[in-house]
Amino acid sequence: MTWTPARRVAPHDEAGLAAAVAAASAEGLRVRAMGAGHSFTPAAVTDGLHLDLDRLGGIESVLPQPDGTTHVTVRAGTRLSALNRLLAVLGLAMRNLGDIDRQSVAGAISTGTHGTGVRLGGLATQVRGVRVVTADGTVRTATDAAAPGTPERDLFEVARLGLGTAGVLAAVTLEVVPAFWLRAREEPWPLDRVLEGLEDYVDGNDHAEFYWFPGTRRALTLRNNRADADEVAAWAARRTGAAGRLRAAAGRARALLDDEVLSNGAFGVVNRIALAAPGAVPRLNAVSARALGARDYVAPSHDVFIHPRRVRFAEMEYALPRAELRGALAELDGWLRRSGEPVPFPVEVRFAAADDVWLSTARDRETAYVAVHQYAPMPHRRYFDAAEQVFTAVGGRPHWGKLHTRTADDLADHYPLDDVARVRGVVDPDGVFRNDYTDTVLGPPR
Ligand SMILES: Cc1cc2nc3c(=O)[nH]c(=O)nc-3n(C[C@H](O)[C@H](O)[C@H](O)COP(=O)(O)OP(=O)(O)OC[C@H]3O[C@@H](n4cnc5c(N)ncnc54)[C@H](O)[C@@H]3O)c2cc1C
């Protein structure tokens, strides 16, 4: 995605950020902040002031809470990878994470980024407070301690997940937990085994997901659960001492083989063959689905959550009511078989608890996330259109940062868009933080 803003600014501190926003507003320029630019939608695009917040990184404060959690305030441009490293040093961790750690904290929460876990919400549910620069350059603080219905609470809601339409996040307070390790089990299963035992599969694991290979009845299952103290001690010992270091090196080599060569390297080859010979895709998927072996390991949570992604792809993801998952996958399978569309990328299925975040895709309902991908050089339109029809028919909600064609008119049944427009009308009456994408999916401020 390329575009030409009138001006780019990379502020060193919050005062510089506030001054840049105030100056742009006064000139009548629109303003968008950019995180890592990892959204598939033009969410961060602007013809006005483009703010690069890479210099606003790091942890500002750490406040232990009586309930055992810790409130950590981080500057908005901090990348998740840096955050995970800083938290690990403090003996802390994010409760849940998505698949990659390249995103900025602000970009990830602003689009509703999520991982998997039926008892857990997305990253925005882990936000306890925000510091946000509004259209006139004023820095405002808002927390979830403010009573519902108050202006502060309203600002908090739109600022924590609102595509940057309430203003530019300067800092975010996250609720984090003591560091923990996960026992990871990856195993190929028949898809029907996953679907027949779906409730146990999802409810019986802290973090359950699976990848289904289109045109086959095969899935790769991933189940991650909190490791107990004995498992952690045993696996930690494998990482220390001379013999342990050797074993750890062998383990890393194996993980590298699995992740880089099998999952990314070999997968890249599979996709290049698919591009050259789309007719071979069903056989390629059958081979890919069978080639993946079972793998068990215990590791710090962020090492388990994060997977390298080196093959470039286009992606659409919908949040479905959990009960609709089986039917939706059956419909998608039917379309793929009828159309013969070549899709060498697996479909990813994840889960989340219902939450109460205004613009969360899991708002008020238990959710199954279904993500369809296509190798970047191959056409994706027909496949994504068909998948979108299936997902829309069962009340699906599109991920704000991934491809879709929905508009504010048809999303109004899912979200309190009038409230969002009202709050934006107060903090941004002139629409400084609008762009074409926010106009399409949220409408203008009122
Ligand atoms: C390989 C890959 C893997 C992914 N995996 C997952 C996954 O597992 N789960 C998932 O849910 N999503 C996933 N995504 C989607 C991704 O998490 C989101 O698109 C996320 O927004 C990207 O973060 P970013 O920092 O790149 O934000 P950007 O794309 O730069 O920006 C996203 C939005 O946030 C706004 N924004 C950025 N900074 C600020 C700020 N300081 N204040 C206010 N607004 C701001 C921007 O204006 C824009 O509207 C993945 C994407 C890719 C490319």
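The ligand lies between domain 1 (7-179 + 410-442) and domain 2 (181-405), because both give residues to the shell around it. This is a predicted model. The protein buries 96% of the 980 Å² that the ligand exposes when taken alone. The shell counts 35 residues, and α3 gives the most to it.

**Domains**

- The chain is divided into two parts: domain 1 covers 7-179 + 410-442, and domain 2 covers 181-405.
- Between the C-alpha centres of domain 1 and domain 2 the distance is 27 Å.
- Domain 1 puts 46 residues into the contact, and domain 2 puts in 47 residues.

**Polar contacts of the ligand**

- G35 uses its backbone: an N or O atom there lies 2.7 Å from an oxygen atom of the ligand.
- S39 uses its side chain: an N or O atom there is 2.7 Å from an oxygen atom of the ligand.
- A43 again offers a backbone N or O atom, at 3.1 Å from an oxygen atom of the ligand.
- With the protein in place, 96% of the ligand's 980 Å² is buried.

**Shell around the ligand**

- Three elements give two or more residues to the shell: β2, α3 (105-110) and β9 (168-178).
- The contribution of α3 is 4 residues, the most from any element.
- Of the 35 residues that surround the ligand, the closest are A33, G35, H38, S39 and T111.
- G35 and S39, named among the closest, also appear in the polar contacts: G35 through its backbone, S39 through its side chain.
- By class, the shell holds 16 polar residues, 15 nonpolar residues and 4 charged residues.
- Both domains take part in the shell, so the ligand sits between domain 1 and domain 2.

**Parallel strands β1, β2 and β3**

- Strand β3 (residues 49-52) pairs with strand β1 (residues 7-9) in the parallel sense, over 3 bridges.
- In that pairing, R7 stands opposite L49 of β3.
- Strand β2 (residues 31-34) also runs parallel to β3, and 4 bridges join the two.
- R32 has H50 in β3 as its bridge partner.
- β3 therefore has pairing partners in both β1 and β2, where a pair needs at least two bridges.
- β2 links the two topics: the strand is joined to β3, and it gives two or more residues to the shell around the ligand.

Conventions
Residues numbered from 1 in each chain as written. Predicted model: local features only at pLDDT ≥ 70, side-chain atom pairs only at ≥ 80, totals over all residues. Heavy atoms only, no water. Near = heavy atom within 4 Å. Polar contact = N/O pair within 3.5 Å; in protein donor to acceptor, adjacent residues only side chain to side chain. Areas by Shrake-Rupley, 256 points an atom, 1.4 Å probe, with all protein chains shown as cover. Nonpolar A, V, L, I, M, F, W, Y, C, P; charged D, E, K, R; others polar. Domains from an automatic or database assignment. Contact = heavy atoms within 4.5 Å.
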